[in-house]
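Reader: Could you walk me through this model, beginning with the bound molecule and then moving on to some individual residues?

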Amino acid sequence: MVTFDEFNLRREQLRLEVAQLCRTSGRNPGSVEILPVTKTHPPEAAFFAARCGLRAVGENRVQEAVDKRAAAPDATVQWELIGHLQSNKAKIAAATFDRIQSVDSEKLLNLLDRAAGELGKQLPVLLQINAGNDPAKFGADLSAADKLLDVALAKPHLRVDGLMTIAPLSDDPAVAERTFVTLRQLRDDLSARTKAPLATLSMGMSGDYATAIAAGSTLIRIGTRLYGERPPAA
Ligand SMILES: *Cc1c(COP(=O)(O)O)cnc(C)c1O
């Protein structure tokens, strides 16, 4: 992982670049949040984000986040789950995370709503949609999004902030663009029908955030670009 000074420099460069990308797209320069992705990095990664005043960090595995959060109790950031959630981990996820971006089934909605109710909290969620129709990706099918949202909006202990997607891996930048535009259009359609604002569009990573911002992303999930290369999986 990079040093704090290097992280801070990268964050500032990214912030300026994001602001410029927003202007190019006729958007407010402050309309895209950077979510640092701390997965595989030590707890200090969350402190780096906190020291820069960033709101939250993203983790993709429940147990890793449980351990890291316990090891960094003073890091004043929120923790968001961006990776796939298995139903047997729903309860601990509801207790560990401040928001869950990867909700992609009615079963998860039921389990998370019940767990949040037991915890006496309202849990913010995003619905993960497989907007690129990628067999290798999690996320609800586009055709299931309407029903999933209706179920989610009826849950008393969940708050639906918006939608999330991951673009298929591809050498062709048009694939990511199509995926992001599809998610944006889906959001606009769902929001018009249900009157739920669905203000958050979580799309874009280190390799494709420019495309995502042009398509309307409000939250880019950035790991490598801020913290450096991740250690190879064990
Ligand atoms: C790891 C991860 C990211 C960040 O990836 P980088 O390419 O390192 O920026 C973003 N979103 C999800 C869902 C991830 O798992």
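Reader: Where does the ligand sit?

Author: Bearing in mind that this is a predicted model, the ligand sits in the largest pocket.

Reader: Which residues are around the ligand?

Author: The residues around the ligand are Val37, Lys39, Ile82, Ile166, Met205, Ser206, Arg221, Ile222, Gly223, Thr224 and Arg230.

Reader: How far is a polar side-chain atom of Lys39 from an oxygen atom of the ligand, and what about Ser206 and Arg230?

Author: For Lys39, a polar side-chain atom lies 2.7 Å from a ligand oxygen. In the case of Ser206, an N or O atom of the side chain is 2.5 Å from an oxygen atom of the ligand, and for Arg230 the corresponding distance from a side-chain N or O atom to a ligand oxygen is 2.8 Å.

Reader: And how much of the ligand's exposed area does the protein bury?

Author: The ligand taken alone exposes 390 Å², and the protein buries 90% of that.

Reader: Switching topic, where is Ser217 found, and is Ser217 buried or exposed?

Author: Ser217 belongs to the loop between α8, residues 209-214, and β8, residues 219-222. Its relative accessible area is 0%, and because buried means under 20%, Ser217 counts as buried.

Reader: What does Ser217 touch, and which backbone oxygen lies 3.3 Å from a polar atom of its side chain?

Author: Not counting residues up to four places away in sequence, Ser217 touches Arg27, Ser31, Val32, Leu201, Met203 and Ala212. The backbone oxygen that lies 3.3 Å from a polar atom of the Ser217 side chain is that of Leu219.

Reader: Now the helix α7, please: what can you tell me about Thr194, which is found there?

Author: Helix α7 comprises residues 173-194, and Thr194 is found in it. With a relative accessible area of 22%, Thr194 is partly exposed, and its side chain reaches the backbone oxygen of Leu190 at 2.8 Å. Leaving aside neighbours within four places in sequence, Thr194 is in contact with Leu149, Asp150 and Leu153.

Reader: How many residues apart are Thr194 and Lys68 along the chain, and what separates their C-alpha atoms?

Author: Thr194 and Lys68 are 126 residues apart along the chain, with their C-alpha atoms separated by 37 Å.

Reader: Which backbone nitrogen lies 2.9 Å from a polar atom of the side chain of Asp172?

Author: That is the backbone nitrogen of Ala174. Asp172 itself lies in the loop between β6, residues 158-164, and α7, and at 37% relative accessibility Asp172 counts as partly exposed.

Reader: What about the loop between α7 and β7, what is the phi of Lys195 and of Leu198?

Author: Lys195 has a positive phi of about 65°, and Leu198 has a positive phi of about 45°, although neither Lys195 nor Leu198 is a glycine. As background, most residues other than glycine have a negative phi. Both belong to the loop you mention, Lys195 as well as Leu198, and β7 covers residues 200-202.

Reader: Are those two buried or exposed?

Author: Lys195 counts as exposed, at 68% relative accessibility, whereas Leu198 counts as buried, at 1%.

Reader: Moving to helix α6, is Ala152 buried or exposed, and what is Ala152 in contact with?

Author: Ala152, whose place is in helix α6, is buried, with a relative accessible area of 1%. Apart from neighbours within four places in sequence, Ala152 is in contact with Leu109, Leu127 and Val160. The C-alpha atoms of Ala152 and Asp113 are separated by 8.9 Å, while the two residues are 39 residues apart along the chain.

Reader: Last one, then: where does Gly139 lie, and why does Gly139 count as buried?

Author: Gly139 lies in the loop between β5, residues 123-128, and α6, residues 145-153. Gly139 counts as buried because its relative accessibility is 17%, and buried means under 20%.

Reader: And what is Gly139 in contact with, leaving aside its neighbours within four places in sequence?

Author: Gly139 is in contact with Asp104, Gln128, Ile129 and Asn130 on that basis. As for Val175, which is 36 residues apart from Gly139 along the chain, the C-alpha atoms of the two are separated by 17 Å.

Methods:
Residues are numbered from 1 along each chain as its sequence is written. This is a predicted model: local features need pLDDT of at least 70, side-chain atom pairs count only at pLDDT 80 or more; totals for chains, interfaces and linings use all residues. Side-chain values use heavy atoms; hydrogens and water are left out. Helices (H or I, at least four residues) and strands (E, at least two) are DSSP runs, numbered from the N terminus. Buried means under 20% relative accessible area, exposed over 50%, partly exposed in between (1.4 Å probe, protein chains only). Contact means heavy atoms within 4.5 Å. A residue is near a molecule or strand if one of its heavy atoms lies within 4 Å of it. A polar contact is a pair of N or O atoms within 3.5 Å; within protein, one must be able to donate a hydrogen and the other to accept it, and residues adjacent in sequence count only if both atoms are side-chain atoms. Accessible areas come from the Shrake-Rupley method with a 1.4 Å probe; for residues, only the protein chains shown count as cover. On a 1 Å grid over the protein atoms alone, a cavity is a set of points where a 1.4 Å probe fits but cannot get out, and a pocket is an open set with protein on both sides within 12 Å along at least five of seven lines; lining residues have an atom within 4 Å of a point. A molecule sits in a cavity or pocket if more than half of its atoms lie within 2 Å of its grid points.
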